[in-house]
Amino acid sequence: QVQLVESGGGLVHAGGSLRLSCQASGTTFSRNAMGWYRQAPGKSRELVARIDSGSTNYADSVKGRFTISRDNAKNTVYLQMNNLKTEDTAVYYCNSRRYYSSSAYSDYWGQGTQVTVSS
């Protein structure tokens, strides 16, 4: 059974920084694409950043401010968030995606961690 446990959320002033962590168990972590999504109140869940086979991609709104990284030895993925803005306020979810083919995959989700940025 795949489990993803997030940590590192909290309350920060605009311009501040936070680092989110997500530790995975029950899966071959190094083979999975890992990502961070977020969902703000009244909005749909959106991709923030993804890392897969060493390549990364980011939502335009966080480029230059957020950095995703992974430590396969620790089964952990990180999201370093700098220069936070009030619009970054959301629940952040860790995602692990296991591909079976180019078009078939399974998604696993963490429970979410709240990030609140105050002005």
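Me: In which sense do strand 3 and strand 8 pair, and over how many bridges?
Reply: This is a predicted model. Strand 3 covers residues 18–25 and strand 8 covers residues 76–81. One bridge joins Leu 20 to Leu 79 of strand 8. The two strands pair in the antiparallel sense, over six bridges.

Me: Which strands are the edge strands of the open sheet 1-3-8-7?
Reply: Four strands make up this open sheet, and the pairing is antiparallel. An edge strand here pairs on one side only. That applies to strand 1 (3–7) and strand 7 (66–71).

Me: By how many degrees are neighbouring strands of this sheet turned against each other on average?
Reply: The order to follow is 1-3-8-7. With direction ignored, neighbouring strands are turned against each other by an average of 15 degrees.

Me: Which residues form the covered face of strand 11?
Reply: In a regular strand, side chains alternate between the two faces of the sheet. Strand 11 spans residues 113–118. Its uncovered face holds Gln 114, Thr 116 and Ser 118. The covered face is made by Thr 113, Val 115 and Val 117.

Me: In which sense does strand 11 pair with strand 2, and in which with strand 9?
Reply: Take strand 2 (residues 10–13) to begin with: Val 12 has Val 117 of strand 11 as its bridge partner. Four bridges join strand 2 and strand 11. On strand 9 (residues 90–99) there are three bridges to strand 11, and Tyr 92 partners Thr 113. The sense is parallel with strand 2 and antiparallel with strand 9.

Me: What kind of aromatic pair do Tyr 37 and Trp 109 form?
Reply: The count of aromatic pairs comes to two. For Tyr 37 and Trp 109, the ring centres lie 4.9 Å apart. Their planes stand at 70 degrees, and over 60 counts as edge-to-face. So the pair is edge-to-face.

Me: How many residues apart are Tyr 37 and Trp 109?
Reply: Tyr 37 sits in strand 4 (residues 33–39). Trp 109 belongs to strand 10 (residues 105–109). The pair links distant parts of the chain, 72 residues apart.

Me: Is Trp 109 buried, partly exposed or exposed?
Reply: Its partner Tyr 37 is buried, at 12% relative accessible area. Trp 109 has 35% relative accessibility. Buried needs under 20% and exposed over 50%, so Trp 109 is partly exposed.

Me: Over which ring face does Arg 45 lie?
Reply: There is a charge-over-ring contact at Arg 70, which lies over the face of Phe 29 at 4.7 Å from the ring centre. For Arg 45, the distance to the ring centre is 3.7 Å. The ring under Arg 45 belongs to Tyr 93.

Me: Why does the salt bridge between Arg 38 and Asp 88 tie together distant parts of the sequence, and how many residues apart are they?
Reply: The closest N and O atoms of this salt bridge are 2.9 Å apart. Arg 38 is buried at 7%, and Asp 88 is buried at 0%. Arg 38 lies in strand 4 and Asp 88 in the loop between strand 8 and strand 9, so the parts tied together are 50 residues apart.

Me: Which residues do shared salt-bridge partners join into one network?
Reply: The whole structure has five salt bridges. Arg 38 also meets Glu 46, at 2.7 Å from N to O, and Glu 46 is partly exposed at 35%. Shared partners join these residues into one network: Arg 38, Glu 46, Arg 65 and Asp 88.

Technical notes:
Residues are numbered from 1 along each chain as its sequence is written. This is a predicted model: local features need pLDDT of at least 70, side-chain atom pairs count only at pLDDT 80 or more; totals for chains, interfaces and linings use all residues. Side-chain values use heavy atoms; hydrogens and water are left out. Buried means under 20% relative accessible area, exposed over 50%, partly exposed in between (1.4 Å probe, protein chains only). Two strands pair if DSSP finds at least two bridges between them. Axes are lines fitted to C-alpha atoms, for helices over the stretch in contact, and angles run from 0 to 180 degrees between N-to-C directions. Rings of Phe, Tyr and Trp (its six-membered ring) pair if their centres lie within 6.5 Å; planes under 30 degrees apart count as stacked, over 60 as edge-to-face and the rest as tilted. A charge sits over a ring if NZ of Lys or CZ of Arg is within 6 Å of the ring centre and within 35 degrees of the ring normal. A salt bridge is a side-chain nitrogen of Lys or Arg within 4 Å of a carboxyl oxygen of Asp or Glu.
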